[in-house]
Amino acid sequence: MVDIELMLSALWKRLPMRARERWTRQHLEAYQARELRALRDYACAHSPFYREFHKGLYEAPLQNLPILTKSILMDHFDDLATDRAIHLGEVKAYIEDRRGDERFLGRYWVNSTSGTSGHPGLFVVNRDEWSMELATAIRAFESAGLKLNLARRTRIAQITSTNPSHLSMQGGRDMANWWMPTLLMAASEPLASMVERLNAWRPEMLWAYASIIHLLADEQIAGRLKIAPRTVLSASELLTQGIRRRAVAAWGDVVFDTYATTDCGGIGAECDQHRGMHLQEDVSIIEVVDRDNQPVEPGVFGDKLLVTVLGSRTLPLIRYELEDSVRLARSMCPCGRPFRLIDAVRGRVEESLSFPAAAGGVVTVHPIVFSNIMDTLPVSGWQVLQDADGLHVLLCGVSGALDEEKLARSVRDALKSQGVANPVVEIEWVPSIPQTTAGKTPLVRSDLNGIEFRGISDALSRPPEAPIAGGPHAN
Ligand SMILES: [Zn+2]
(Lines give C-alpha, C1' and ligand atoms only; values in the text may rest on other atoms or scores of the structure.)
Protein backbone atom coordinates (compact mmCIF):
# COMPACT_ATOMS: atom_id res chain seq x y z
CA MET A 1 0.00 0.00 0.00
CA VAL A 2 1.40 3.33 -0.96
CA ASP A 3 1.91 5.86 1.78
CA ILE A 4 1.15 9.07 -0.08
CA GLU A 5 1.72 11.22 2.96
CA LEU A 6 5.19 9.77 3.38
CA MET A 7 6.04 10.43 -0.26
CA LEU A 8 4.72 13.99 0.00
CA SER A 9 6.77 14.52 3.11
CA ALA A 10 9.88 13.31 1.26
CA LEU A 11 9.16 15.62 -1.68
CA TRP A 12 8.56 18.48 0.73
CA LYS A 13 11.95 17.85 2.35
CA ARG A 14 13.57 17.97 -1.08
CA LEU A 15 12.70 21.66 -1.52
CA PRO A 16 15.14 23.10 1.06
CA MET A 17 17.68 20.45 -0.01
CA ARG A 18 17.50 21.81 -3.55
CA ALA A 19 18.11 25.33 -2.27
CA ARG A 20 21.15 24.13 -0.30
CA GLU A 21 22.69 22.84 -3.52
CA ARG A 22 23.16 26.49 -4.49
CA TRP A 23 24.70 27.58 -1.20
CA THR A 24 28.30 28.62 -0.72
CA ARG A 25 30.62 26.30 1.17
CA GLN A 26 30.69 28.80 4.01
CA HIS A 27 26.91 28.87 4.26
CA LEU A 28 26.85 25.05 4.25
CA GLU A 29 29.42 24.79 7.04
CA ALA A 30 27.50 27.22 9.23
CA TYR A 31 24.38 25.12 8.67
CA GLN A 32 26.25 21.91 9.53
CA ALA A 33 27.50 23.49 12.78
CA ARG A 34 23.96 24.47 13.84
CA GLU A 35 22.49 21.08 12.95
CA LEU A 36 25.33 19.28 14.72
CA ARG A 37 24.78 21.27 17.92
CA ALA A 38 21.08 20.40 17.82
CA LEU A 39 21.86 16.71 17.29
CA ARG A 40 24.42 16.58 20.11
CA ASP A 41 22.08 18.41 22.49
CA TYR A 42 19.25 16.04 21.64
CA ALA A 43 21.44 12.94 22.03
CA CYS A 44 22.75 14.00 25.44
CA ALA A 45 19.27 14.98 26.64
CA HIS A 46 17.53 11.77 25.59
CA SER A 47 20.12 9.00 25.33
CA PRO A 48 21.70 7.65 28.56
CA PHE A 49 24.46 6.15 26.40
CA TYR A 50 25.48 9.49 24.88
CA ARG A 51 25.39 11.24 28.25
CA GLU A 52 28.22 8.91 29.29
CA PHE A 53 29.91 8.56 25.89
CA HIS A 54 30.25 12.33 25.46
CA LYS A 55 30.69 13.16 29.13
CA GLY A 56 32.84 16.26 29.64
CA LEU A 57 32.95 16.83 25.88
CA TYR A 58 30.08 19.29 25.51
CA GLU A 59 32.33 22.01 24.11
CA ALA A 60 34.68 19.64 22.28
CA PRO A 61 34.81 19.83 18.48
CA LEU A 62 33.35 16.91 16.55
CA GLN A 63 36.84 15.62 15.74
CA ASN A 64 37.51 15.05 19.44
CA LEU A 65 34.43 12.92 20.07
CA PRO A 66 34.80 9.12 20.39
CA ILE A 67 34.10 6.83 17.41
CA LEU A 68 30.83 4.93 17.37
CA THR A 69 31.35 1.48 15.84
CA LYS A 70 28.56 -0.87 14.90
CA SER A 71 29.49 -3.20 17.73
CA ILE A 72 29.36 -0.38 20.30
CA LEU A 73 25.97 0.60 18.92
CA MET A 74 24.63 -2.95 19.14
CA ASP A 75 26.12 -3.52 22.62
CA HIS A 76 24.43 -0.38 23.99
CA PHE A 77 21.35 -0.41 21.81
CA ASP A 78 18.64 0.22 24.44
CA ASP A 79 20.60 2.99 26.16
CA LEU A 80 21.60 4.57 22.89
CA ALA A 81 18.01 4.84 21.70
CA THR A 82 16.30 8.10 22.64
CA ASP A 83 12.90 6.40 23.09
CA ARG A 84 12.87 4.29 26.26
CA ALA A 85 10.25 2.00 24.67
CA ILE A 86 12.85 0.65 22.21
CA HIS A 87 14.46 -2.62 23.26
CA LEU A 88 16.82 -4.64 21.09
CA GLY A 89 15.14 -7.97 21.90
CA GLU A 90 11.80 -6.66 20.69
CA VAL A 91 13.31 -5.12 17.56
CA LYS A 92 14.82 -8.53 16.72
CA ALA A 93 11.52 -10.27 17.36
CA TYR A 94 9.74 -7.73 15.16
CA ILE A 95 12.20 -8.33 12.32
CA GLU A 96 11.58 -12.08 12.53
CA ASP A 97 7.77 -11.96 12.74
CA ARG A 98 7.04 -8.83 10.78
CA ARG A 99 4.00 -8.96 8.53
CA GLY A 100 2.97 -6.49 5.85
CA ASP A 101 3.16 -2.80 6.57
CA GLU A 102 3.01 -3.10 10.32
CA ARG A 103 5.57 -0.78 11.95
CA PHE A 104 7.66 -1.50 15.01
CA LEU A 105 5.73 -0.06 18.01
CA GLY A 106 3.34 1.28 15.39
CA ARG A 107 5.72 4.10 14.44
CA TYR A 108 9.23 2.91 13.54
CA TRP A 109 10.86 1.60 10.38
CA VAL A 110 13.57 -1.01 11.03
CA ASN A 111 16.46 -1.69 8.65
CA SER A 112 19.02 -4.39 9.21
CA THR A 113 22.45 -4.92 7.72
CA SER A 114 23.67 -8.37 6.92
CA GLY A 115 26.21 -10.12 9.06
CA THR A 116 29.01 -9.94 6.51
CA SER A 117 31.13 -7.89 8.87
CA GLY A 118 30.39 -10.21 11.77
CA HIS A 119 28.21 -7.58 13.43
CA PRO A 120 24.71 -7.49 11.99
CA GLY A 121 23.26 -4.05 12.67
CA LEU A 122 19.71 -2.94 13.32
CA PHE A 123 18.65 0.61 12.60
CA VAL A 124 15.42 2.10 13.84
CA VAL A 125 14.08 5.32 12.36
CA ASN A 126 10.90 7.31 12.85
CA ARG A 127 8.65 8.63 10.12
CA ASP A 128 10.46 11.93 9.83
CA GLU A 129 13.88 10.27 9.59
CA TRP A 130 12.58 7.77 7.06
CA SER A 131 11.08 10.43 4.79
CA MET A 132 14.47 12.17 4.96
CA GLU A 133 16.12 8.97 3.69
CA LEU A 134 13.61 8.88 0.85
CA ALA A 135 14.43 12.51 0.10
CA THR A 136 18.13 11.63 -0.24
CA ALA A 137 17.14 8.88 -2.69
CA ILE A 138 15.08 11.38 -4.69
CA ARG A 139 18.08 13.69 -4.71
CA ALA A 140 20.22 10.89 -6.17
CA PHE A 141 17.66 10.41 -8.98
CA GLU A 142 17.43 14.12 -9.62
CA SER A 143 21.16 14.69 -9.79
CA ALA A 144 21.14 11.89 -12.37
CA GLY A 145 18.85 14.06 -14.48
CA LEU A 146 15.43 12.67 -13.57
CA LYS A 147 12.83 15.27 -12.77
CA LEU A 148 10.46 13.68 -10.32
CA ASN A 149 7.19 15.16 -9.25
CA LEU A 150 3.65 14.01 -8.85
CA ALA A 151 2.65 15.31 -12.27
CA ARG A 152 5.46 13.76 -14.28
CA ARG A 153 5.62 9.99 -14.57
CA THR A 154 8.80 8.24 -15.56
CA ARG A 155 8.97 4.72 -16.96
CA ILE A 156 11.38 2.89 -14.73
CA ALA A 157 12.86 -0.59 -14.97
CA GLN A 158 14.27 -1.80 -11.70
CA ILE A 159 16.28 -4.99 -11.53
CA THR A 160 17.18 -6.08 -8.03
CA SER A 161 16.92 -8.86 -5.53
CA THR A 162 15.07 -12.11 -6.05
CA ASN A 163 13.58 -12.07 -2.61
CA PRO A 164 9.98 -10.82 -2.55
CA SER A 165 10.32 -9.61 1.04
CA HIS A 166 13.47 -7.77 0.04
CA LEU A 167 13.54 -4.06 0.64
CA SER A 168 14.08 -3.21 -3.01
CA MET A 169 11.07 -5.23 -4.14
CA GLN A 170 8.86 -3.71 -1.47
CA GLY A 171 10.20 -0.20 -1.85
CA GLY A 172 9.95 -0.56 -5.61
CA ARG A 173 6.33 -1.67 -5.37
CA ASP A 174 5.49 1.27 -3.14
CA MET A 175 7.13 3.67 -5.51
CA ALA A 176 5.55 2.02 -8.52
CA ASN A 177 2.26 3.44 -7.29
CA TRP A 178 3.81 6.84 -7.21
CA TRP A 179 6.11 6.96 -10.20
CA MET A 180 4.05 4.67 -12.37
CA PRO A 181 4.81 2.78 -14.38
CA THR A 182 7.64 0.66 -13.03
CA LEU A 183 8.80 -2.70 -14.32
CA LEU A 184 10.29 -4.77 -11.51
CA MET A 185 12.48 -7.71 -12.41
CA ALA A 186 14.58 -10.09 -10.37
CA ALA A 187 18.29 -10.08 -11.05
CA SER A 188 18.10 -13.87 -11.30
CA GLU A 189 15.76 -13.75 -14.31
CA PRO A 190 17.31 -15.32 -17.44
CA LEU A 191 19.04 -12.70 -19.56
CA ALA A 192 17.05 -13.44 -22.73
CA SER A 193 13.75 -12.90 -20.95
CA MET A 194 15.08 -9.75 -19.28
CA VAL A 195 16.04 -8.38 -22.71
CA GLU A 196 12.64 -9.23 -24.18
CA ARG A 197 10.73 -7.54 -21.37
CA LEU A 198 12.95 -4.46 -21.42
CA ASN A 199 12.48 -4.13 -25.19
CA ALA A 200 8.74 -4.19 -24.68
CA TRP A 201 8.90 -1.75 -21.77
CA ARG A 202 11.26 0.90 -23.21
CA PRO A 203 12.28 2.33 -19.81
CA GLU A 204 13.38 5.95 -19.44
CA MET A 205 15.40 4.93 -16.43
CA LEU A 206 17.24 1.67 -15.88
CA TRP A 207 18.09 0.99 -12.27
CA ALA A 208 20.14 -2.11 -11.54
CA TYR A 209 23.13 -3.77 -9.93
CA ALA A 210 26.41 -2.94 -11.67
CA SER A 211 26.86 -6.56 -12.80
CA ILE A 212 23.42 -6.52 -14.45
CA ILE A 213 24.21 -3.20 -16.14
CA HIS A 214 27.32 -4.89 -17.50
CA LEU A 215 25.35 -7.80 -19.00
CA LEU A 216 22.65 -5.56 -20.45
CA ALA A 217 25.21 -3.17 -21.98
CA ASP A 218 26.71 -6.14 -23.82
CA GLU A 219 23.24 -7.14 -25.05
CA GLN A 220 22.62 -3.58 -26.28
CA ILE A 221 25.97 -3.47 -28.09
CA ALA A 222 25.24 -6.88 -29.64
CA GLY A 223 21.96 -5.44 -30.96
CA ARG A 224 19.60 -7.75 -29.04
CA LEU A 225 18.60 -5.14 -26.47
CA LYS A 226 17.15 -2.00 -28.02
CA ILE A 227 16.35 0.50 -25.28
CA ALA A 228 17.24 4.17 -24.97
CA PRO A 229 17.19 5.07 -21.27
CA ARG A 230 17.86 8.69 -20.37
CA THR A 231 19.38 7.53 -17.10
CA VAL A 232 21.17 4.36 -16.07
CA LEU A 233 21.58 4.22 -12.31
CA SER A 234 23.96 1.77 -10.70
CA ALA A 235 22.24 0.93 -7.45
CA SER A 236 24.49 -1.67 -5.95
CA GLU A 237 27.91 -3.29 -6.23
CA LEU A 238 31.14 -1.58 -7.24
CA LEU A 239 30.60 0.26 -10.53
CA THR A 240 34.01 -0.28 -12.10
CA GLN A 241 35.45 1.90 -14.85
CA GLY A 242 35.15 -1.06 -17.21
CA ILE A 243 31.43 -1.51 -16.61
CA ARG A 244 30.90 2.22 -16.88
CA ARG A 245 32.75 2.38 -20.21
CA ARG A 246 30.66 -0.44 -21.61
CA ALA A 247 27.41 1.15 -20.43
CA VAL A 248 28.42 4.49 -21.97
CA ALA A 249 29.24 2.67 -25.23
CA ALA A 250 25.76 1.12 -25.11
CA TRP A 251 23.61 4.07 -24.09
CA GLY A 252 25.73 7.20 -24.11
CA ASP A 253 26.69 9.51 -21.30
CA VAL A 254 23.78 8.55 -19.03
CA VAL A 255 25.45 6.36 -16.40
CA PHE A 256 25.35 7.45 -12.75
CA ASP A 257 26.58 5.82 -9.56
CA THR A 258 24.95 6.13 -6.15
CA TYR A 259 26.19 5.44 -2.65
CA ALA A 260 23.91 4.64 0.25
CA THR A 261 24.13 2.41 3.28
CA THR A 262 21.54 0.86 5.55
CA ASP A 263 23.30 2.40 8.52
CA CYS A 264 23.46 6.01 7.37
CA GLY A 265 21.06 6.34 4.43
CA GLY A 266 22.02 8.24 1.28
CA ILE A 267 25.63 9.37 1.26
CA GLY A 268 26.68 10.08 -2.31
CA ALA A 269 25.11 10.94 -5.66
CA GLU A 270 26.70 11.62 -9.03
CA CYS A 271 25.81 14.78 -10.98
CA ASP A 272 25.83 15.32 -14.73
CA GLN A 273 29.47 16.42 -14.67
CA HIS A 274 30.48 12.80 -13.89
CA ARG A 275 33.38 13.88 -11.68
CA GLY A 276 32.50 11.45 -8.91
CA MET A 277 29.78 11.31 -6.27
CA HIS A 278 28.76 14.39 -4.31
CA LEU A 279 28.60 13.76 -0.58
CA GLN A 280 25.20 14.79 0.77
CA GLU A 281 26.85 17.12 3.25
CA ASP A 282 23.69 18.92 4.31
CA VAL A 283 22.36 15.56 5.50
CA SER A 284 25.53 14.13 7.05
CA ILE A 285 28.97 15.31 8.08
CA ILE A 286 31.41 12.87 6.53
CA GLU A 287 35.04 12.47 7.62
CA VAL A 288 37.43 10.42 5.46
CA VAL A 289 40.01 8.99 7.86
CA ASP A 290 42.83 6.46 8.10
CA ARG A 291 43.00 3.40 10.36
CA ASP A 292 43.84 5.63 13.34
CA ASN A 293 40.87 7.92 12.67
CA GLN A 294 43.11 10.73 11.46
CA PRO A 295 41.78 12.84 8.56
CA VAL A 296 43.08 11.92 5.13
CA GLU A 297 43.87 14.59 2.53
CA PRO A 298 41.90 14.86 -0.70
CA GLY A 299 43.56 12.75 -3.39
CA VAL A 300 44.47 9.97 -0.93
CA PHE A 301 42.39 6.89 -0.10
CA GLY A 302 41.07 6.70 3.44
CA ASP A 303 40.50 3.44 5.30
CA LYS A 304 37.04 4.35 6.52
CA LEU A 305 34.40 7.03 6.85
CA LEU A 306 33.05 8.57 10.02
CA VAL A 307 29.49 9.66 9.42
CA THR A 308 27.40 12.00 11.55
CA VAL A 309 23.79 11.89 10.42
CA LEU A 310 22.52 15.36 11.25
CA GLY A 311 18.84 14.43 11.33
CA SER A 312 19.24 11.21 13.33
CA ARG A 313 17.16 11.30 16.50
CA THR A 314 15.83 7.81 17.31
CA LEU A 315 19.33 6.28 17.23
CA PRO A 316 21.65 9.29 17.01
CA LEU A 317 24.66 8.50 14.81
CA ILE A 318 27.61 10.70 15.70
CA ARG A 319 30.99 9.77 14.18
CA TYR A 320 29.61 6.40 13.16
CA GLU A 321 32.26 4.21 11.53
CA LEU A 322 31.75 2.82 8.01
CA GLU A 323 34.51 0.61 6.69
CA ASP A 324 34.46 1.99 3.16
CA SER A 325 37.65 3.06 1.45
CA VAL A 326 37.05 6.15 -0.67
CA ARG A 327 39.06 9.09 -1.97
CA LEU A 328 38.01 12.73 -1.85
CA ALA A 329 38.55 14.73 -5.03
CA ARG A 330 41.19 17.49 -4.91
CA SER A 331 38.86 20.04 -6.45
CA MET A 332 35.23 21.02 -6.23
CA CYS A 333 32.79 20.11 -8.99
CA PRO A 334 32.21 22.67 -11.78
CA CYS A 335 28.44 22.22 -11.29
CA GLY A 336 28.71 24.63 -8.36
CA ARG A 337 27.25 22.42 -5.62
CA PRO A 338 29.00 23.15 -2.30
CA PHE A 339 29.32 19.42 -1.57
CA ARG A 340 32.69 17.72 -1.86
CA LEU A 341 33.19 14.84 -4.31
CA ILE A 342 34.33 11.26 -3.81
CA ASP A 343 36.23 10.57 -7.03
CA ALA A 344 37.20 6.96 -6.37
CA VAL A 345 35.93 4.01 -4.39
CA ARG A 346 37.99 0.94 -3.57
CA GLY A 347 35.30 -1.05 -1.85
CA ARG A 348 34.87 -2.08 1.70
CA VAL A 349 37.81 -2.96 3.85
CA GLU A 350 35.70 -5.67 5.42
CA GLU A 351 34.83 -7.05 1.98
CA SER A 352 38.34 -7.24 0.59
CA LEU A 353 40.33 -10.45 0.34
CA SER A 354 43.00 -11.30 2.89
CA PHE A 355 46.21 -13.16 2.02
CA PRO A 356 49.35 -14.24 3.86
CA ALA A 357 51.86 -11.43 3.36
CA ALA A 358 55.38 -11.97 2.02
CA ALA A 359 56.65 -9.92 4.94
CA GLY A 360 54.67 -11.99 7.46
CA GLY A 361 51.19 -11.31 8.77
CA VAL A 362 48.22 -10.64 6.55
CA VAL A 363 47.73 -8.30 3.62
CA THR A 364 44.35 -6.96 2.52
CA VAL A 365 43.63 -6.58 -1.18
CA HIS A 366 40.83 -4.31 -2.37
CA PRO A 367 38.46 -5.40 -5.16
CA ILE A 368 39.73 -2.57 -7.37
CA VAL A 369 43.10 -4.34 -7.75
CA PHE A 370 41.28 -7.08 -9.67
CA SER A 371 38.91 -4.85 -11.61
CA ASN A 372 41.87 -2.83 -12.92
CA ILE A 373 43.05 -5.98 -14.72
CA MET A 374 39.76 -7.70 -15.50
CA ASP A 375 37.98 -4.66 -16.90
CA THR A 376 40.19 -4.73 -20.00
CA LEU A 377 39.35 -8.35 -20.89
CA PRO A 378 37.06 -9.26 -23.83
CA VAL A 379 34.61 -11.16 -21.59
CA SER A 380 31.02 -10.54 -20.53
CA GLY A 381 31.55 -11.45 -16.90
CA TRP A 382 34.19 -12.28 -14.34
CA GLN A 383 34.55 -13.13 -10.70
CA VAL A 384 37.52 -13.69 -8.45
CA LEU A 385 36.78 -16.51 -6.04
CA GLN A 386 39.04 -17.27 -3.11
CA ASP A 387 39.02 -20.69 -1.50
CA ALA A 388 41.46 -22.98 0.28
CA ASP A 389 43.24 -23.79 -3.02
CA GLY A 390 43.95 -20.17 -3.83
CA LEU A 391 42.30 -17.82 -6.29
CA HIS A 392 40.01 -18.89 -9.10
CA VAL A 393 39.43 -16.31 -11.79
CA LEU A 394 36.05 -17.24 -13.30
CA LEU A 395 35.39 -15.97 -16.83
CA CYS A 396 32.41 -16.21 -19.15
CA GLY A 397 31.31 -14.97 -22.54
CA VAL A 398 34.64 -14.46 -24.33
CA SER A 399 34.40 -12.18 -27.37
CA GLY A 400 38.04 -11.92 -28.47
CA ALA A 401 41.52 -13.37 -28.09
CA LEU A 402 42.53 -13.99 -24.51
CA ASP A 403 45.87 -15.31 -23.30
CA GLU A 404 45.06 -17.24 -20.10
CA GLU A 405 48.67 -17.67 -19.05
CA LYS A 406 49.31 -13.94 -19.43
CA LEU A 407 46.17 -13.13 -17.43
CA ALA A 408 47.14 -15.46 -14.59
CA ARG A 409 50.58 -13.83 -14.57
CA SER A 410 49.11 -10.30 -14.41
CA VAL A 411 46.91 -11.26 -11.46
CA ARG A 412 49.84 -12.93 -9.68
CA ASP A 413 52.04 -9.89 -10.32
CA ALA A 414 49.37 -7.50 -9.07
CA LEU A 415 49.01 -9.56 -5.88
CA LYS A 416 52.78 -9.69 -5.39
CA SER A 417 52.98 -5.92 -5.79
CA GLN A 418 50.41 -5.71 -2.98
CA GLY A 419 52.73 -7.79 -0.79
CA VAL A 420 51.01 -11.18 -1.11
CA ALA A 421 53.25 -14.23 -0.57
CA ASN A 422 53.23 -16.85 -3.39
CA PRO A 423 49.79 -16.20 -4.85
CA VAL A 424 48.15 -19.19 -6.57
CA VAL A 425 45.92 -18.16 -9.47
CA GLU A 426 43.86 -20.36 -11.78
CA ILE A 427 41.77 -19.28 -14.76
CA GLU A 428 38.46 -21.11 -15.22
CA TRP A 429 35.73 -20.77 -17.85
CA VAL A 430 32.13 -20.99 -16.68
CA PRO A 431 28.85 -20.75 -18.64
CA SER A 432 27.77 -17.86 -16.40
CA ILE A 433 29.00 -16.20 -13.23
CA PRO A 434 27.32 -17.87 -10.24
CA GLN A 435 24.81 -15.62 -8.48
CA THR A 436 24.37 -15.27 -4.77
CA THR A 437 20.98 -16.00 -3.27
CA ALA A 438 20.23 -12.27 -3.56
CA GLY A 439 20.77 -12.54 -7.31
CA LYS A 440 24.02 -10.60 -7.27
CA THR A 441 27.23 -11.53 -9.00
CA PRO A 442 29.90 -9.99 -6.80
CA LEU A 443 33.24 -9.33 -8.50
CA VAL A 444 35.17 -10.72 -5.58
CA ARG A 445 34.11 -13.36 -3.10
CA SER A 446 35.74 -15.57 -0.55
CA ASP A 447 34.64 -19.04 0.43
CA LEU A 448 37.23 -19.11 3.18
CA ASN A 449 35.15 -17.45 5.84
CA GLY A 450 31.76 -17.07 4.27
CA ILE A 451 32.38 -13.40 3.55
CA GLU A 452 31.10 -12.15 0.27
CA PHE A 453 32.00 -8.90 -1.34
CA ARG A 454 29.11 -6.51 -1.61
CA GLY A 455 29.70 -3.38 -3.62
CA ILE A 456 29.88 -0.02 -2.08
CA SER A 457 26.89 1.70 -3.61
CA ASP A 458 24.44 -0.54 -1.88
CA ALA A 459 21.34 1.51 -2.43
CA LEU A 460 18.36 -0.75 -2.62
CA SER A 461 19.96 -4.06 -2.04
CA ARG A 462 20.06 -6.43 0.80
CA PRO A 463 20.91 -10.07 1.15
CA PRO A 464 17.76 -12.11 1.69
CA GLU A 465 18.95 -13.51 5.00
CA ALA A 466 18.52 -10.04 6.44
CA PRO A 467 14.82 -9.28 6.73
CA ILE A 468 14.03 -5.66 6.42
CA ALA A 469 11.42 -3.07 6.82
CA GLY A 470 11.84 0.14 5.04
CA GLY A 471 12.21 1.94 1.78
CA PRO A 472 14.21 2.33 -1.29
CA HIS A 473 17.53 3.67 -0.20
CA ALA A 474 19.19 1.24 2.13
CA ASN A 475 21.17 -1.87 1.56
ZN1 LIG B 1 28.65 18.26 -9.56
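Which residue of β16 is the bridge partner of P356? In this predicted model, the partner turns out to be V362. That pair belongs to a set of four bridges joining β15 to strand β16 (residues 362-365), and the two strands run antiparallel. Five residues sit between the strands of this hairpin, and G360 takes a positive phi there, near 95°. The side chains of β15 (residues 353-356) alternate along the strand. L353 and F355 point to one face and are buried, while S354 and P356 point to the other face and are not. So P356, bridged to V362, is on the face of β15 whose side chains are not buried.

Stepping back to the chain as a whole, the secondary structure adds up to 13 helices and 20 strands. Of the 475 residues, 46% count as buried. Among contacts with a separation of 6 or more, 67% come from residues 24 or more positions apart.

Further along the chain comes an open sheet. Four strands make it up, in the order β19-β18-β17-β20, and the pairing is mixed. Its edges are β19 (425-429) and β20 (444-446), each of which pairs on one side only. On average, and ignoring direction, neighbouring strands here are turned by 25° against each other. Within the sheet, β18 (residues 390-396) and β19 run parallel and are joined by five bridges. One detail of that pairing involves L395, whose bridge partner in β19 is W429. A helix joins the picture too: α13 (residues 404-417) packs on the sheet and touches both β18 and β19. The direction of α13 makes about 135° with that of β19.

Now for the helices α1 and α7. Helix α7 (residues 127-143) has 17 residues and spans 24 Å from its first C-alpha to its last, close to the 24 Å expected at 1.5 Å a residue. Most of α7 is covered, with 13 of its 17 residues buried. After the helix comes G145, with a positive phi near 95°. Helix α1 (residues 4-20) meets α7 with axes that come within 8 Å and cross at roughly 65°, and the crossing is right-handed. On the α1 side, the contact is made by L6, S9, A10, L11, K13, R14 and M17. The α7 side supplies R127, S131, M132, L134, A135, I138 and R139. Sorted by class, the contact has eight nonpolar, two polar and four charged residues.

Two backbone oddities round out the survey. Most residues other than glycine have a negative phi. R202, however, has a positive phi of about 50° although it is not a glycine. This arginine lies in the loop between α9 (191-201) and β5 (205-209). Is R202 buried or partly exposed? With 13 other C-beta atoms within 10 Å, R202 is partly exposed. N293 is the other case, with a positive phi of about 65° although it is not a glycine. The place of N293 is the loop between β10 (284-289) and β11 (304-309). Because N293 has 16 C-beta neighbours inside 10 Å, this residue counts as partly exposed.

Technical notes
Residues numbered from 1 in each chain as written. Predicted model: local features only at pLDDT ≥ 70, side-chain atom pairs only at ≥ 80, totals over all residues. Pairing = 2+ DSSP bridges. Axes fitted to C-alpha atoms, helices over the stretch in contact; angles between N-to-C directions. Contact = placed C-beta atoms within 7 Å. Buried ≥ 20, exposed ≤ 12 C-beta atoms within 10 Å, placed from the backbone. Expected span 1.5 Å × (residues − 1). Left-handed = near helix turned anticlockwise from the far one by under 90°. Nonpolar A, V, L, I, M, F, W, Y, C, P; charged D, E, K, R; others polar.
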